Amino acid sequence: MELIKTDGVILKRTYVGEKDAIIKILTSGAGLVSASVKGVKNMKSKLAAGSQVFGYSDFVLRPGKELFVVTQSAQKEGFFGLSSNIERLSFASYFAELTAAFHPGAEDAKAILPLLLNTLYLLSNSSKNMELIKCVFELRLLCYLGFAPELDACTVCGDTEKLCFFSPSAGGTVCRGCGALADACIITENTLAAMRYAQNSDDKKAFSFALSKSAIDEFEQCTEKMCEQVFSRPLPSLAYLKQITGKL
């Protein structure tokens, strides 16, 4: 069987038995895959360093009956700052679960992997507001997967003026004249401008702005409701994140 050589970020690791693990990897070459790592808990394992959760590694994968098997792995970036506190780790866990929930294929992964790497780098190494990082990641991930919201006109009447509501069920902004739909969030001009910037910039520039706490709260309400609209339920890691950050 032909081996697959690819890079990727490990989104989840589950130990199996005494020595093995199953990892879920967002790869650039094959999209989201699950792979078995044999003997990874052995202290002398050559696969251990490249099989750390949230790590970015090069992999050689052998196709198996149900799972790929990791035959080689070499870590390229460990994002060790994520383990500096429970909040950073909780945000990373949510980003990983959200990414995996979409089951991205190979084509989608080509765009999503750079976004995830930039997000984890900022979360691990910068002092940027973590809730703002979350907002931008959610919005751009939704856009890459075909759920981009309309932010330049009312989704009900098409008017481009007085866009003061955001409705996930309607697919974007709603003007004052059409009124607030049942699931609508109030959105101010600064928040709308930030969402447009985050949606239309490249991955690195998309995070290069600051917002007030109230605007971040508006942005976050919009992106969270969009994700709930797609999945019809909140993700367990989001509930845990809210508990950690005191938002429950």
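In the predicted model, E138 and K134 lie four residues apart in helix α3 (residues 130-144), which means that about one helical turn separates them. Their side chains meet in a salt bridge, with a distance of 3.1 Å from N to O. Both partners are withdrawn from the surface: E138 counts as buried because its relative accessibility is 0%, and K134 is likewise buried, with a relative accessible area of 1%.

A second salt bridge involves E224 and K242, whose closest N and O atoms are 3.1 Å apart. This pair links distant parts of the chain, since E224 belongs to helix α5 (residues 213-231) and K242 to helix α6, with their positions 18 residues apart in sequence. Both E224 and K242 are buried. Through shared partners, salt bridges join E131, K134, E138, K213, D217, E220, E224, K242 and K247 into one network, so that the α3 pair, E138 and K134, and the pair formed by E224 and K242 belong to one connected set of charged residues. Over the whole structure, the search finds twelve salt bridges.

A further salt bridge is formed by the side chains of R196 and D152, at 3.2 Å from N to O. Here too distant parts of the chain are linked, R196 being placed in helix α4 (residues 189-200) and D152 in the loop between α3 and β6 (163-167), 44 residues away in sequence. R196 is partly exposed, with a relative accessible area of 28%, and D152 is also partly exposed, at 46%.

The strands of the N-terminal part of the chain form a barrel. Five strands close into this barrel in the order β1-β2-β3-β5-β4, with mixed pairing, and the twist from one strand to the next averages 45°. Helix α1 (residues 86-101) packs on the sheet, where it touches β1 (4-16), β2 (20-27) and β3 (31-37), and the direction of the helix makes about 115° with that of β1. Helix α2 (residues 106-125) lies across β1, β2, β3 and β4, and runs at about 70° to β1.

Within the barrel, β1 pairs with β2 in the antiparallel sense over eight bridges, and among the residues concerned Y15 has A21 of β2 as its bridge partner. These two strands form a hairpin with three residues between them, and G17 in the turn has a positive phi of about 70°. β1 also pairs with β4 in the antiparallel sense, in this case over six bridges, and K5 has V60 of β4 as its bridge partner. Strand β4 (residues 56-63) in turn pairs with strand β5 (residues 68-77), again in the antiparallel sense and over eight bridges, with P63 standing opposite F68 in β5.

The segment before β1 contains L3, a residue that is partly exposed, with a relative accessible area of 42%. Leaving aside neighbours within four places in sequence, L3 is in contact with V60, L61 and R62. By contrast with these contacts, L3 and F219 are 43 Å apart from C-alpha to C-alpha, and 216 residues apart in sequence.

A nonpolar patch on the surface is formed by I86, L89 and Y240, which together have about 250 Å² of accessible area. Y240 is placed in helix α6 (residues 236-244), and counts as partly exposed because its relative accessibility is 39%.

A separate set of strands forms an open sheet. The three strands of this sheet have the order β7-β6-β8, with antiparallel pairing. Strands β7 (172-175) and β8 (185-186) stand at the edges with a single partner strand each, so one side of each is left without a neighbour in the sheet. The pairing of β6 with β7 is antiparallel and extends over four bridges, and F166 stands opposite T173 in β7.

Conventions. Residues numbered from 1 in each chain as written. Predicted model: local features only at pLDDT ≥ 70, side-chain atom pairs only at ≥ 80, totals over all residues. Heavy atoms only, no water. Pairing = 2+ DSSP bridges. Axes fitted to C-alpha atoms, helices over the stretch in contact; angles between N-to-C directions. Contact = heavy atoms within 4.5 Å. Patch = residues over 30% accessible without salt bridge, like charges linked within 9 Å, V, L, I, M, F, W, Y side chains within 5 Å. Areas by Shrake-Rupley, 256 points an atom, 1.4 Å probe, with all protein chains shown as cover. Salt bridge = Lys/Arg side-chain N within 4 Å of Asp/Glu carboxyl O. Buried < 20%, exposed > 50% of the residue type's maximum accessible area, 1.4 Å probe, protein only.
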